[in-house]
Amino acid sequence: MAETPDNSRESAERRDFDVVEASSALKTWFVREVLPLEAVLMQYLQHSCRDHAEAADLRQEVYIRVYEASKKQIPHPARPFVFTVARNLLINRVRRERIVAIESVVDLDALDVAIDEPGPERATIARDELRRLQLAIDRLPPRCREAVVLGRIEGLSGQEIAQRMGISEPTVSKHLATGMYALANILYGEKSEKKK
Amino acid sequence: MSAEDMAALAATDTDKQAADWLQRRHFWAWREEDQKALEGWLEQSPAHEIAYWRLEAAWKDTQRMAALQRPVPRRSAAQLWPRFAAIAVCAAIAIIVAVGWPSFFEHPETHLVVTGLGERKTITLADGSKVELNTNSTLRIVANADGRKAWLDRGEAFFDIVHDSRHPFVVMVGNRRITDLGTKFLVRRDHDKLSVALVEGSARFDAPDGSVMSPVFLKPGDVLQDKGHAIIATRKTSVELKDDLGWRRGLLVFKHATLADAAAEFNRYNANKVVIADAQTARITIGGTFQSNNVSVFADAVRDLLGLRVQVRKDETVISR
């Protein structure tokens, strides 16, 4: 017995160690640096879109390109990079679809000025998050809002929400999913200082 | 509906699929195969991965924001929340209507089980599930048609749960949640440190408030050490796990344990506390199996085998060089 430091065992243990909460650098960067730009990005994209669905498609396209390009090396700062990607995407689209009016290209250039400035949105988010969440939840369709409040604020499970609301479980799933993407659109996609 | 609200509901098909995955993961029973299916979907294309990241991050933000509501509302906070309060009141009324008045207020069928120093208790539920509570522990447990839930407020417990997919067994330790997926597992809480060891079956470990970044799925032999700021996963062999469960037979099993650790273990069970006088002695490692309630056998072994000095006093046993 006595004092016998058992090194073999120690090193074996260390090998087994594994930090569970490791997320990729790319994901961390994307969530922290790219997503907060969404409000300005959406404003930018909507100038040349016919409807919201089209803007959502374009947003997805921009994100995919940013992601692909950042796999090799993460660009710093994120902001000019994301908007260069968005701009190139819009220009290609203008070239491809002749229907798009020439103004959108003009708008593109006019908007460039604003793109280089750091946006106020993050500070604003921090300042009145509570109010933002309240406003965001208020804007969900009524049944969807009820499901989200029960799930998010009261911490009920899907099953419990179904019981309380007296609706089927698949319907609860649908409401919750709608709530999730709508909240993302509102929280990320809109300017927080917007006056109603 | 305003143009803004229309914009809020605009989503690509990928967004919709990602939202469906996210709500499934957060609100419904989530098994290992579900996790695999999600991972498969995420790997299919970057679009899936990005859409999922985005929705997940937004959902976490709502958690952070919602958490602001929790502290005792000061005046400014109260003023911000009139609508929310109204919703909460409606929800409360809905709950009362749905499940009846009495069960709304803190489950009346909650059982409180407490063990003193050196005491052990076994609780058997109607469905055959068993919970063994170790020394100096507090457990609250409720089992009814709505589900099975236990709160380990203090100490250590071994759960041998009869699986029921409709009513998963949930153990809460502070803000951490362990959800059984057909399981035998050990949970121990020491101050701010939580340890979960899975013996059989599988279980899910997470935190309903989102403070654990992603749920951890435990397999037999997995041991999680959660210190609040860091979660570390290790693996133990079935023999090592059996040693950790020695207390169920009233035994403490040490392998390469320092005297400091051994003393701390004995002190969980006995009023007479083992005190190691100096740091050098505390670092000596020992092995062996002891009765948890018999400090004198341990003290004798330490004296005879390690040549250490043992002084037995009224409420402490001091070990020194």
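Start with chain A and colour it by secondary structure: read along the sequence, the elements follow the pattern α-β-α-α-α-α-α-α-α-α-α-α, which comes to eleven helices and one strand. Keep in mind throughout that this is a predicted model. Of the 196 residues of chain A, 35% count as buried, and among the contacts between residues at least 6 apart in sequence, 61% join residues that are at least 24 apart.

**Helix 4 of chain A and the loop after it**

Select residues 52-70 of chain A, which form helix 4, and within this helix pick out A:R59. Is A:R59 buried or exposed? With 26 C-beta neighbours inside 10 Å, this arginine counts as buried. Now show A:L41, A:M42 and A:L45 as well, since these are the residues that A:R59 contacts once its neighbours within four places in sequence are left aside. A distance drawn between the C-alpha atoms of A:R59 and A:L45 should read 7.6 Å, although the two residues are 14 apart along the chain.

Continue to the loop between helix 4 and helix 5 (78-96) of chain A, where A:P77 is placed. Most peptide bonds are trans, but the bond from A:H76 to A:P77 is cis, with omega near -5°.

**Helices 9 and 10 of chain A**

Next, select residues 142-153 of chain A, which are helix 9, together with helix 10; the axes of these two helices come within 10 Å and cross at roughly 130°. The two helices are therefore oblique to each other, and their crossing is right-handed. To see what makes the contact, display A:E146, A:A147, A:L150 and A:G151 on helix 9 and A:I161, A:R164 and A:M165 on helix 10. By class, the residues of the contact between helix 9 and helix 10 of chain A are four nonpolar, one polar and two charged.

Stay with helix 10, residues 158-165 of chain A, and ask which of its residues are buried. They are A:G158, A:E160, A:I161, A:A162 and A:R164, so that A:I161 and A:R164 are found both in this buried group and in the contact with helix 9. Just after helix 10, select A:G166, a glycine that takes a positive phi of about 65°.

**Where chain A meets chain B**

Bring chain B into view, with its eleven helices and 16 strands. Of its 321 residues, 31% count as buried, and residues 24 or more positions apart account for 44% of its contacts with a separation of 6 or more.

Select helix 11 of chain A (residues 169-189) and helix 2 of chain B (residues 13-27), whose axes come within 8 Å and cross at roughly 115°. This crossing between the chains is right-handed. From helix 11 of chain A, the contact is made by A:S173, A:L176, A:A177, A:M180 and A:Y181, and from helix 2 of chain B by B:D15, B:K16, B:A19, B:D20, B:L22, B:Q23 and B:F27. The residues of this contact divide into seven nonpolar, two polar and three charged.

**The nonpolar cores**

Which residues have the most contacts inside the largest nonpolar core? This core has 61 residues, and the ones to select are A:L41, A:A86, A:M180 and B:L55. Helix 11 of chain A provides the largest share of the core, eleven residues.

Centre the view on B:L55 and show its contacts, not counting residues up to four places away in sequence: from chain A these are A:M180, A:Y181 and A:A184, and from chain B they are B:A18, B:A19 and B:L22. Apart from the largest core lies another, of 30 residues, among them B:V131, B:V173, B:F185 and B:L241.

**Two loops of chain B**

For the last stops, recall that most residues other than glycine have a negative phi. In the loop between strand 3 (130-133) and strand 4 (138-144) of chain B, select B:N136, whose phi is near 50°, a positive value in a residue other than glycine. With 17 C-beta neighbours inside 10 Å, B:N136 counts as partly exposed.

Then go to the loop between strand 7 (176-190) and strand 8 (193-206) of chain B and select B:H191, where phi is likewise positive, near 50°. B:H191 is exposed, with 7 other C-beta atoms within 10 Å.

Note on methods. Residues numbered from 1 in each chain as written. Chains lettered and ligands numbered in written order. Predicted model: local features only at pLDDT ≥ 70, side-chain atom pairs only at ≥ 80, totals over all residues. Helix = DSSP H or I, 4+ residues; strand = E, 2+ residues; numbered from the N terminus. Buried ≥ 20, exposed ≤ 12 C-beta atoms within 10 Å, placed from the backbone. Contact = placed C-beta atoms within 7 Å. Axes fitted to C-alpha atoms, helices over the stretch in contact; angles between N-to-C directions. Left-handed = near helix turned anticlockwise from the far one by under 90°. Nonpolar A, V, L, I, M, F, W, Y, C, P; charged D, E, K, R; others polar. Core = buried A, V, L, I, M, F, W, Y, C linked by C-beta atoms within 7 Å. Parallel < 35°, antiparallel > 145°, perpendicular 65-115°, else oblique.
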